[in-house]
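I am opening a notebook page on this structure and will go from the overall make-up of the chain down to single ring pairs. The entries follow the order in which I looked things up.

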Amino acid sequence: MIHHIPAVSLTPRPAEKGPPMSGAAKLGRATRRLLTAFLGALTGVTAVAVPARADVGEVTEYPITTAAGTLPAGITAGPDGALWFAASGVGRIGRITVDGRLTDFPTSSPASLPFAITAGPDRALWFTEGNANRIGRITTAGHLTEFPVPTADSFPAGIAAGADGALWFTEESGNRIGRITTAGHITEYPVPAPSASPCSIAAGADGALWFTELTGARIGRIDRTGRITEFPLPGGSGFPEAIVSGPGGMWFTASDANAVARIDHAGRVTRFPLPDPDSGPSGIALGPDGRVWYADQAGRVGRVGAKGTITTFPVKEGADRVPFRITAGPGRGMWFTELFGNAVGHLRTLPR
């Protein structure tokens with residue numbers, strides 16, 4: 001389904017001072033309940049294929065057969081040519097090959113709640129553990145190391161590799177941005193806005209890290225020295241969640257505004273409204289085709305063209321399966337997790 005929707009350019013307004021937002025704590029609790037309360041026995045045996053379309057290849061879903069109720073969250077391409085994902089519901093890190101073979105590795109606790117995961121500069125995978133308040137590192141052979149975050153109950157959420165050779169992460173409850181070296185040394189930087197709930201983080205083309213403030217309705221930027229700049233989002237762009245570097249700046253999902261948006265390095269925001277009123281844009285990634293792709297919790301995978309053209313691809317029974325995070329992977333593919341579907345999906349992109 002292809003929709004031509006005009007972009008909406010917006011100008012940031014100055015940050016407003018005020019008391020801490022009461023919604024931050026509520027949303028944080030709701031997020032944790034969502035990821036820890038689901039204990040259903042969803043299982044599968046074989047991959048389920050959806051017919052190919054003219055503008056994409058075949059869509060395939062691989063049920064996670066290693067455990068039930070895994071709640072797969074973050075996903076990333078690994079240095080070994082496989083995809084790695086955070087099985088948040090069972091405290092494990094999963095690995096899936098391009099032909100659907102699954103392996104998983106336990107963290108220190110089934111309740112650690114691994115959430116985001118990224119490939120590090122040391123050819124290992126690095127991930128956040130919200131409930132355990134740790135940053136985890138796992139080699140492609142499955143060797144696990146965990147590093148406690150200094151601030152208690154900080155709930156590390158997003159993580160990304162920086163241009164400085166370190167890993168940078170958000171602390172949703174701690175209201176901080178953390179930096180961890182590959183040797184495990186952690187430095188923390190407070191976010192100026194109170195109760196901002198920093199969520200996802202990504203490296204930008206400018207050498208800085210950019211992050212979303214889930215309840216602060218801001219996009220933040222932190223440079224290598226730890227200096228933070230915050231850009232308040234114009235009205236209607238609330239609850240920015242996932243973020244990625246793409247054409248013209250940083251792209252992010254804004255579920256409260258039913259949109260995907262872009263912020264340039266000067267702080268100017270352009271919003272691309274989604275065509276379906278029930279959309280819940282969540283994860284976002286840059287595809288091998290140069291376009292921005294997003295996971296829609298309402299049961300779709302979406303693509304944004306260079307001129308803002310939105311194309312959506314329904315996931316079979318997707319509204320019940322909840323496409324959640326997405327990443328580019330081997331073979332010109334986009335890979336996504338199904339939070340409640342206990343599965344990993346694959347969609348092959350085609351050349352322009």
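Entry 1, the whole chain. I began with the secondary structure of this predicted model, and I found two helices and 31 strands in the protein chain. I then looked up burial, and buried residues account for 58% of the 352 residues. For the surface, I noted that the protein chain exposes about 13,500 Å², of which carbon and sulfur atoms supply 54%. For contacts between residues at least 6 apart in sequence, I recorded that 46% join residues at least 24 apart.

Entry 2, one sheet. I picked out an open sheet of four strands, whose order is 17-18-19-20 and whose pairing is antiparallel. Its edge strands are strand 17 (198-203) and strand 20 (228-232), each of which pairs on one side only. From one strand to the next, I noted a twist that averages 25°. I then turned to the pairing of strand 17 with strand 18 (residues 209-213), where the two run antiparallel and are joined by four bridges. Within this pairing I looked up alanine 202, which stands opposite tryptophan 210 in strand 18.

Entry 3, aromatic pairs. How many aromatic pairs does the count come to? I get eight, taking ring centres within 6.5 Å as the cut-off. I looked at phenylalanine 115 and phenylalanine 324, whose ring centres are 6.0 Å apart and whose planes stand at 75°, so I entered the pair as edge-to-face. This pair links distant parts of the chain, since phenylalanine 115 belongs to strand 9 (residues 114-119) and phenylalanine 324 to strand 29 (residues 323-329), 209 residues apart. Both phenylalanine 115 and phenylalanine 324 are buried.

My next look-up was tryptophan 168 with tyrosine 189, where the ring centres lie 6.1 Å apart and the planes are at 15°, so this pair is stacked. Tryptophan 168 is in strand 14 (residues 167-171) and tyrosine 189 is in strand 16 (residues 186-190), so the pair ties together parts that are 21 residues apart in sequence. I checked burial here too, and tryptophan 168 and tyrosine 189 are both buried.

Entry 4, a charge over a ring. Going back to phenylalanine 324, I asked what lies over its face. I found arginine 325 there, at 4.4 Å from the ring centre. I therefore noted the residue as a charge over a ring, for which the cut-off is within 6 Å of the ring centre and within 35 degrees of the ring normal.

Terms used:
Residues numbered from 1 in each chain as written. Predicted model: local features only at pLDDT ≥ 70, side-chain atom pairs only at ≥ 80, totals over all residues. Heavy atoms only, no water. Buried < 20%, exposed > 50% of the residue type's maximum accessible area, 1.4 Å probe, protein only. Contact = heavy atoms within 4.5 Å. Areas by Shrake-Rupley, 256 points an atom, 1.4 Å probe, with all protein chains shown as cover. Pairing = 2+ DSSP bridges. Axes fitted to C-alpha atoms, helices over the stretch in contact; angles between N-to-C directions. Phe/Tyr/Trp six-rings, centres within 6.5 Å; stacked < 30°, edge-to-face > 60°.
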